[in-house]
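Grab a viewer and a pencil before you read on. Try each exercise yourself, then check it against the worked solution.

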Amino acid sequence: MTNPITLSIPDAVRVSGLSRSRVYEALKARELKAVKAGRRTLIPVADLEAYLAKLPQYQAGA
C-alpha cells in the first residue's frame, strides 16, 4: 500500500502545512476528526482533506 489512509499528528502537520497547534485546535473544536489506536492519535486522510477544503480561500487585496 503506497497511500496511507491515516496520518499521525506529525505527519498531518507535515503534509498539510498547518501548525501543530492549529491541528490540535481543530481537533478540540471538532472541526477535524481523529481516531485512537492505542495511545496514537490518527487523522484519516479523507477528513484532513475535507477540513482543508472548508478553509476560506485566500483573496489578494481583501
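Below are five exercises, each followed by its solution.

A quick note on ground rules: this is a predicted model, in which local features need pLDDT of at least 70 and side-chain atom pairs count only at pLDDT 80 or more, while totals for chains, interfaces and linings use all residues. Residues are numbered from 1 along each chain as its sequence is written, and side-chain values use heavy atoms, with hydrogens and water left out.

**Exercise 1. Sketch the overall layout of the protein.**

Step 1: Start with the elements, where helices (H or I, at least four residues) and strands (E, at least two) are DSSP runs numbered from the N terminus. The tally is 3 helices and 3 strands, and from the N terminus on they run β-α-α-β-β-α.

Step 2: Get the dimensions. The C-alpha trace spans about 45 × 30 × 15 Å along its principal axes.

Step 3: Look at burial, with buried meaning under 20% relative accessible area, exposed over 50%, and partly exposed in between (1.4 Å probe, protein chains only). Of the 62 residues, 26% are buried.

Step 4: Check how contacts (heavy atoms within 4.5 Å) spread along the chain. Among those between residues at least 6 apart in sequence, 50% join residues at least 24 apart.

**Exercise 2. Work out which way helix α1 faces.**

Step 1: Pick out the buried residues of α1, which are Ile9, Ala12 and Ser16. They cover an arc of only 60° around the axis, taken from the directions from the helix axis to the C-beta atoms, so they sit on the same side of α1.

Step 2: Recall the helix geometry. An α-helix has 3.6 residues a turn, so residues three or four places apart point the same way.

Step 3: Find the opposite face. Pro10 and Arg14 are the exposed residues on the face turned away from the buried side of α1.

Step 4: Name the partners. The buried residues of α1 pack against β1, α2, β3 and α3.

**Exercise 3. Trace what Ser16 and Ser8 touch.**

Step 1: Begin with Ser16, in helix α1. Its polar contacts are pairs of N or O atoms within 3.5 Å; within protein, one must be able to donate a hydrogen and the other to accept it, and residues adjacent in sequence count only if both atoms are side-chain atoms. The Ser16 side chain reaches the backbone oxygen of Ala12 at 2.7 Å and the backbone nitrogen of Leu18 at 3.1 Å.

Step 2: Leave aside neighbours within four places in sequence, and Ser16 is in contact with Leu48 and Leu52.

Step 3: Move to Ser8, in strand β1 (residues 6-8). Ser8 has a relative accessible area of 12%, so it counts as buried. Not counting residues up to four places away in sequence, Ser8 touches Arg40, Thr41 and Leu42.

**Exercise 4. Do the same facing analysis for helix α2.**

Step 1: In α2 (residues 20-28), the buried residues are Val23, Ala26 and Leu27. Their arc around the axis is only 100°, which puts them on the same side of α2.

Step 2: Their cover includes α1 (9-16), β3 (40-44) and α3 (45-54).

**Exercise 5. Which residues just after α1 and α2 take a positive phi?**

Step 1: Just after α1 comes Gly17, with a positive phi of about 85°.

Step 2: Just after α2 comes Arg30, with a positive phi of about 60°, although Arg30 is not a glycine. Most residues other than glycine have a negative phi.

Step 3: Place Arg30 in its surroundings. It lies in the loop between α2 and β2 (35-37), and counts as exposed because its relative accessibility is 77%.
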